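Biologist: I'm new to looking at protein models, and I'd like some help with this one. Could you set the scene and then take me through a single part up close?

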Amino acid sequence: MSENEGMNEAQEEEQGQGQETLTRVTGMYKDWFLDYASYVILERAVPAIEDGFKPVQRRIMHALKELDDGRYNKVANVVGHTMQYHPHGDASIADAMVQIGQKDLLIDTQGNWGNILTGDSAAASRYIEARLSKFALDVVYSPKITEWQLSYDGRKKEPVNLPVKFPLLLTQGAEGIAVGLSTKILPHNFNEIIDASIKHLKGQRFKLFPDFPTGGIIDVTNYNDGMRGGKIRVRARISQLNKNTLVISEIPHGTNTSSLIDSILKANDKGKIKIKRIEDNTAAEVEILVHLPSGISPDKTIDALYAFTSCESSISPLSCIIEDNKPIFIGVQEMLRRSTDHTVDMLKSELEIQLSELQEQWHFASLERIFIEERIYRDIEEEETWEGVIKAIDKGLKPHTKHLKRAVTEEDIARLTEIRIKRISKFDLDKAQQYIDSLEGKIAETKHHLNNLVDYAIAYFKDLKSKYSKGRERKSEIKIFDDIEATKVVIRNTKLYVNREEGFVGTSLRRDEYVTDCSDIDDIIVFTKSGQMMVTKVDSKTFVGKNIIHVAVFKKKDRRTTYNMIYKDGRGGAAYVKRFNVTSITRDKVYDLTAGKSSSEVLYFTANPNGEAEVVTVNLRQKGGIKKLKWDLDFADVLIKGRGSKGNIVTKYSVKRIELKEKGLSTLKPRKIWFDDTIQRLNVDGRGELLGEFTSDDRLLIINQEGRVKTVIPELSMRFDDNIIILEKWNPKKPLSAIYWEGEKDFFYVKRFVIENPDKEEVIITDHPKSYLEKVFTDYRPVAEVIFAKKRGEDRKENQQVDLEEFISVKGITAMGNRLTKDKVLEINALDPLPYEEPEIHNPEEIEVVDEEDVAPSAKSKSDSKDEPSDGENKGPDGQTSLF
């Protein structure tokens with residue numbers, strides 16, 4: 001209802017009853033909402049920059065200080081005490097206190113305070129206890145510089161802000177939803193915050209990144225200083241225990257083991273991943289065992305866990321804080337600068353108060369010494385009035401007060417009259433002077449700190465680090481994540497079928513021809529006999545066009561899969577040949593691969609995953625005076641162009657049939673593969689170290705610090721441990737050399753071997769627990785330098801250079817090898833290998849994939865063969881799709 005309609009109805013009622021009056025509420029609602037929004041922002045949800053606390057947290061800390069006597073207090077008692085300052089609900093106070101306690105910085109806890117790893121809640125507040133930590137007592141409180149205000153009912157005093165001398169807000173983090181805005185400040189590392197504060201005080205640049213108590217791995221590339229629009233990616237730490245078991249040892253921030261396991265089970269139920277079972281052994285540390293069925297790749301499963309479960313999550317920070325009773329948005333670096341500057345101001349205020357107190361102590365100690373040493377107290381024996389006493393003492397002090405730093409007041413004289421006779425009788429001038437001298441030393445020290453306030457603040461932060469940094473090392477590892485393509489790691493959980501004649505593809509056509517296994521997020525590519533192509537998403541049943549000749553799962557940006565095609569250009573038209581890739585498309589759009597004439601028809605088609613180029617025989621129909629009715633066509637002579645190219649002419653005559661004569665070899669160059677050490681992954685984008693050029697048969701050699709050796713066919717989804725010492729292209733003919741410590745015999749041994757079984761992982765050191773791998777050489781003629789330990793009373797033995805090729809011959813991989821030396825060895829170094837010339841390997845001629853506009857004029861067809869092809873059905877090479 002609009003405002004005007006409401007007013008008209010109210011006026012009608014007033015006229016009808018004659019008693020009621022019209023009251024406008026629009027302005028009242030406006031004021032009420034603004035008041036409510038301001039209250040929630042300032043008094044509930046958003047922390048203050050001055051001390052890093054929300055109001056309820058500040059009152060909890062104040063209540064803990066009020067109750068502090070060194071012993072533990074029941075949380076229920078603290079909750080009740082907190083309610084004296086503001087009528088928060090007891091449950092909200094207890095929850096806020098548990099959150100502070102779980103951060104393990106300000107509150108020393110006792111009892112079951114819950115578990116952030118498993119998500120278990122804390123016990124009831126009547127069962128758990130708390131007291132202030134030593135850090136909180138050192139950093140949070142200083143009553144002399146605290147600004148106070150009355151509580152809600154005027155009976156108690158509470159701090160406006162606690163005088164926190166530390167960037168506490170960044171250490172603990174904060175999260176809150178107010179009216180019209182929210183805040184999400186991520187926690188940062190305690191030691192790194194101290195280091196950043198020191199750098200700020202020194203005028204140096206610094207950077208801050210989050211650190212979560214649950215650990216995990218984080219990518220802070222887009223952190224944006226914690227401001228709006230920033231984002232960090234958080235991953236669980238997953239490692240491979242064995243070929244059928246994965247271990248999750250750290251979890252992302254914002255999750256717990258229960259929610260993480262639930263997300264894994266959901267992904268398994270949906271068919272995104274395939275697991276056998278999960279074991280949760282979490283106690284003080286996270287340990288989730290994910291058991292895989294046999295035949296499932298652990299590397300691929302790790303990627304799938306990141307892609308489809310809560311093992312990877314994204315967190316968007318939003319740094320909003322309260323300063324001078326107003327919400328403002330600033331980055332974490334600016335937040336640290338302001339907090340550090342505020343700490344310096346607090347330290348300055350404390351030093352000024354301390355200096356004032358020391359000066360007062362020195363002033364009174366000096367007056368007391370004069371009063372007793374000069375026996376001024378005798379001057380008041382005959383005075384009968386208080387005024388007379390004051391004047392007598394003031395008169396007696398005047399000759400001796402020239403060295404004092406301020407004038408003597410009546411309050412000073414009154415304090416002198418309170419000195420007891422017992423103290424006067426036992427007064428020791430030497431001790432009194434020593435006390436005054438010590439006060440002067442403290443005053444000088446305090447003035448020095450005030451004059452060198454920045455140095456004092458730096459020393460203060462260093463002292464905090466020395467006291468409280470133990471056990472607060474960074475828990476979240478910072479890495480740059482690789483982007484995981486879901487379609488490449490998803491488990492193929494369904495089957496794809498095709499009805500070629502009717503033109504349907506889908507997962508529900510179980511009575512028709514089976515094509516391949518796929519997942520429900522895959523795209524499929526379809527070619528028809530009329531020369532049309534379409535890419536569409538996997539569905540239960542989709543019509544794509546009649547007379548399907550090829551269907552497969554589509555891979556985006558795939559420049560290796562090459563399609564070889566010969567087609568007839570319209571009715572009675574010439575035949576053309578073309579080779580092309582399909583790298584990018586618009587989904588569900590029909591593409592015409594012919595020249596566009598009606599009645600065009602595909603005569604021959606193959607899909608080649610590695611760019612294979614076969615030889616076919618072209619047979620023409622007998623017509624007129626055609627002299628040459630058949631010849632061979634080699635697809636290797638046809639350049640790979642874009643899918644829209646018309647192609648090269650084969651013949652202008654009618655083609656009877658095209659038959660496969662010879663299977664093709666790959667015409668693509670070997671693929672260059674790099675290893676990016678930052679993310680520990682392989683790539684083909686030129687990032688990191690070049691490992692070499694790989695064909696489909698080439699392998700990677702992997703050796704780790706534990707002495708495990710294996711060779712694998714490189715896949716971009718592979719993961720590598722941090723303890724790998726050798727990662728290079730494997731040469732089957734090149735021997736490997738290793739020097740290792742044999743634990744049982746207590747000597748270094750040398751062995752040379754070749755890998756005879758590339759599909760088997762071998763261990764090249766003995767299984768004694770003290771055995772370890774010292775050096776591995778992959779050169780043909782390696783040389784090692786042995787540095788001997790010095791024997792007592794003897795000169796050090798000269799270093800020895802060992803030609804490992806001469807030292808030991810190539811033996812089996814399981815052989816123990818020969819002892820390197822009987823002397824005690826201090827160090828073994830690898831020297832430059834001896835020269836060796838590898839025999840030249842002649843590779844077949846290769847061609848590159850080129851863009852259409854860069855292609856030279858059409859290649860010529862070969863016509864050398866005169867062999868007669870056999871009759872019958874045309875069949876393509878293994879792994880390729882239909883021929884016609």
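What does the accessible surface of the protein chain come to, and what share of it belongs to carbon and sulfur atoms? After that, please look closely at helix α5: which of its residues are buried, and what covers them?

Modeller: Happy to help! Keep in mind that this is a predicted model. The accessible surface of the protein chain comes to about 47,800 Å², and carbon and sulfur atoms hold 45% of that. Of the chain's 884 residues, 45% count as buried. Its secondary structure adds up to 18 helices and 48 strands. The C-alpha trace spans about 155 × 120 × 50 Å along its principal axes. The radius of gyration is 42 Å, where a compact globule of 884 residues would have one near 29 Å. As for contacts between residues at least 6 apart in sequence, 67% of them link residues at least 24 apart.

Now zoom in on α5. This helix runs over residues 90-102, which makes 13 residues. From its first C-alpha to its last it reaches 18 Å, close to the 18 Å expected at 1.5 Å a residue. Its buried residues are I93, A94, A96, M97, V98, I100 and G101. Here is a handy rule for reading such a list: an α-helix has 3.6 residues a turn, so residues three or four places apart point the same way. Try turning the model with that in mind.

What lies over those buried residues? The cover includes two helices with lower numbers, α3 (55-67) and α4 (75-82). Also part of the cover are the strands β2 (107-110) and β3 (129-132), along with helix α7 (168-172).

Just after α5 comes a small backbone detail: D104 takes a positive phi of about 55°. You can find positive phi values elsewhere in the chain too. D324, which is not a glycine, has one of about 55°, and this residue sits in the loop between β15 (320-323) and β16 (326-329). D324 counts as exposed because its relative accessibility is 62%, and the cut-off for exposed is over 50%. N224 has a phi near 60° and belongs to the loop between β8 (217-222) and β9 (231-235). With a relative accessible area of 43%, N224 is partly exposed.

For a buried residue in another helix, visit D299 in α10 (residues 298-308). Its relative accessible area is 15%, so D299 is buried. Beyond its close sequence neighbours, D299 is in contact with Q240, S717, M718 and R719.

Note on methods
Residues numbered from 1 in each chain as written. Predicted model: local features only at pLDDT ≥ 70, side-chain atom pairs only at ≥ 80, totals over all residues. Heavy atoms only, no water. Helix = DSSP H or I, 4+ residues; strand = E, 2+ residues; numbered from the N terminus. Expected span 1.5 Å × (residues − 1). Buried < 20%, exposed > 50% of the residue type's maximum accessible area, 1.4 Å probe, protein only. Contact = heavy atoms within 4.5 Å. Rg over C-alpha atoms; globule rule 2.2 N^0.38 Å. Areas by Shrake-Rupley, 256 points an atom, 1.4 Å probe, with all protein chains shown as cover.
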